[in-house]
Amino acid sequence: MDVSAEGATAHGAETAVSPRATAAFLLRCARAPDRFFYPCNAKAREPRDCSYRLLRAGGAGPVTVFVAECAYGEGGTGWRVWPCALLLSCWLAANHAALPLAGSRAIELGCGLGLPALTAASLGAGDVRITDCLPKLLRTVRRSAARAARPHLVAAALLDWDQVAAPDEAEVYSTEQGVKAAQRKEAGPGGGGGDPGGGEGGGGGGGGGGGRGTVRLEELWGGG
C-alpha cells in the first residue's frame with residue numbers, strides 16, 4: 001500500500017504527507033483497534049484542498065483524487081479525511097483489477113469528505129452517490145465531485161438516517177447531532193435541514209435538492 005497527499009490552504013501554503021508517513025499512521029491505527037484516532041489536530045489549521053495519489057497494482061499507475069476540506073462547523077467530524085476512509089481508498093486502488101467496479105453503482109453512507117466514493121468514481125464506477133446528513137458538508141463534497149475524473153457520474157445527496165430510521169434506532173446524541181442542529185437552526189423555519197446546494201452542477205443531481213430534506217435510500221436512483 002502506498003499513498004501520498006498534498007494540499008494547499010487558502011493562503012497558498014502547501015503541505016505534503018509522504019507515503020511512508022501515511023503508511024506508518026495507518027499501521028498505528030491497525031495496531032490499536034480499541035483506540036480512537038482523529039486524523040489530525042485539524043482544528044488548529046485552515047481547511048485545505050488536497051490531492052491524494054493512490055497507487056494501483058499491476059503497473060496501472062496512480063489515480064489522483066481531489067478532496068476539499070471544510071470547517072468543523074460545516075462538516076462536524078467529517079471535516080477531515082479519516083484513517084478508515086484513507087485505508088478503504090488505498091484498498092480500492094490496490095485491488096481495482098479484481099473488483100467489479102466498471103460501470104457499477106456505488107454509494108457511500110455518512111461520507112464525510114467522500115474520499116472512498118470519489119476514489120471509486122476515479123476507478124471506473126459508473127454511478128456514484130455520496131451521502132451525509134449535513135447540508136453544508138455536501139456543498140464541499142460537490143466541489144470535490146466537480147473535479148472528479150467523470151463528474152457527471154457522481155452525485156451528492158442529503159440522507160439522514162435519523163429521519164428514515166425507526167425511533168428506537170435513531171441516534172440520540174453525538175457530536176454530529178450538535179452540528180446538525182446548528183445547521184437546521186440557521187436554515188430557519190421551513191428549512192428542514194434541506195440541502196441548499198442540491199441543484200448545483202458538478203455532482204449536484206440525484207436527489208436531496210432544494211428544501212426538500214433528506215431522501216430515502218430507495219430514491220437515490222429513482223427507485224430503479
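Student: Let me start with one helix: how many of the eleven residues of α5 are buried?

Tutor: Buried means under 20% relative accessible area, exposed over 50%, and partly exposed in between (1.4 Å probe, protein chains only). Helices (H or I, at least four residues) and strands (E, at least two) are DSSP runs, numbered from the N terminus. In α5, nine of the eleven residues are buried, so the helix is largely enclosed by the rest of the structure. Among them are Pro135, Leu137, Leu138, Val141 and Ala145, but also Lys136 and Arg142.

Student: What should I keep in mind about the model itself?

Tutor: This is a predicted model, in which local features need pLDDT of at least 70 and side-chain atom pairs count only at pLDDT 80 or more, while totals for chains, interfaces and linings use all residues. Residues are numbered from 1 along each chain as its sequence is written, and side-chain values use heavy atoms, with hydrogens and water left out.

Student: Which pattern of elements does the protein chain follow along the sequence?

Tutor: Seven helices and seven strands make up the list, and they come in the order β-β-α-β-β-α-α-β-α-β-α-β-α-α. Of the 224 residues, 46% are buried.

Student: Now the sheets. In what order do the strands of the open sheet lie?

Tutor: Strands of a sheet pair through backbone hydrogen bonds, either parallel or antiparallel. Here two strands pair if DSSP finds at least two bridges between them. The open sheet has three strands, ordered β5-β6-β7, with parallel pairing. β5 (105-108) and β7 (154-158) are the edge strands, each pairing on one side only. From one strand to the next, the twist averages 20 degrees.

Student: How many bridges join β5 to β6?

Tutor: Four bridges link β5 to β6 (residues 127-132); in one of them, Arg105 has Asp127 of β6 as its partner.

Student: And which strands does helix α4 touch?

Tutor: Contact means heavy atoms within 4.5 Å. Axes are lines fitted to C-alpha atoms, for helices over the stretch in contact, and angles run from 0 to 180 degrees between N-to-C directions. Helix α4 (residues 115-122) packs on the sheet and touches β5, β6 and β7, its direction making about 175 degrees with that of β6. Your opening helix, α5 (residues 135-145), also packs on the sheet, touching β6 and β7 at about 180 degrees to the direction of β7.

Student: Which side chains of β3 point to the buried face?

Tutor: In a regular strand the side chains alternate between the two faces of the sheet. Strand β3 (residues 49-54) shows this: Cys50, Tyr52 and Leu54 point to one face and are buried, whereas Asp49, Ser51 and Arg53 point to the other and are not. Six bridges tie β3 to β4 (residues 63-68), and the two run antiparallel. Val67 in β4 is the bridge partner of Cys50.

Student: How do I check the length of a helix such as α3?

Tutor: The expected span of a helix is 1.5 Å times one less than its number of residues. For the twelve residues of α3 (residues 83-94) that gives 16 Å, and the end C-alpha atoms are 16 Å apart, which agrees. Buried residues of α3 include Pro83, Leu86, Cys90 and Ala93.

Student: What follows α3, and where does His96 lie?

Tutor: His96 lies in the loop between α3 and β5 and counts as buried, at 17% relative accessibility. Leaving out residues up to four places away in sequence, His96 touches Arg56, Ala57, Ala60 and Leu123. Asn95 has its place in that loop between α3 and β5 too, but is partly exposed at 29%.

Student: Last one: how many disulfides does a search of the whole structure find?

Tutor: A disulfide is a covalent bond between the sulfur atoms of two cysteines. The criterion used is a pair of cysteine sulfur atoms within 2.5 Å. The search finds zero. Take Cys133: its closest cysteine sulfur, in Cys111, is 9.2 Å away, too far for a bond. Cys133 is buried at 17% relative accessible area, while Cys84 is exposed at 56%.
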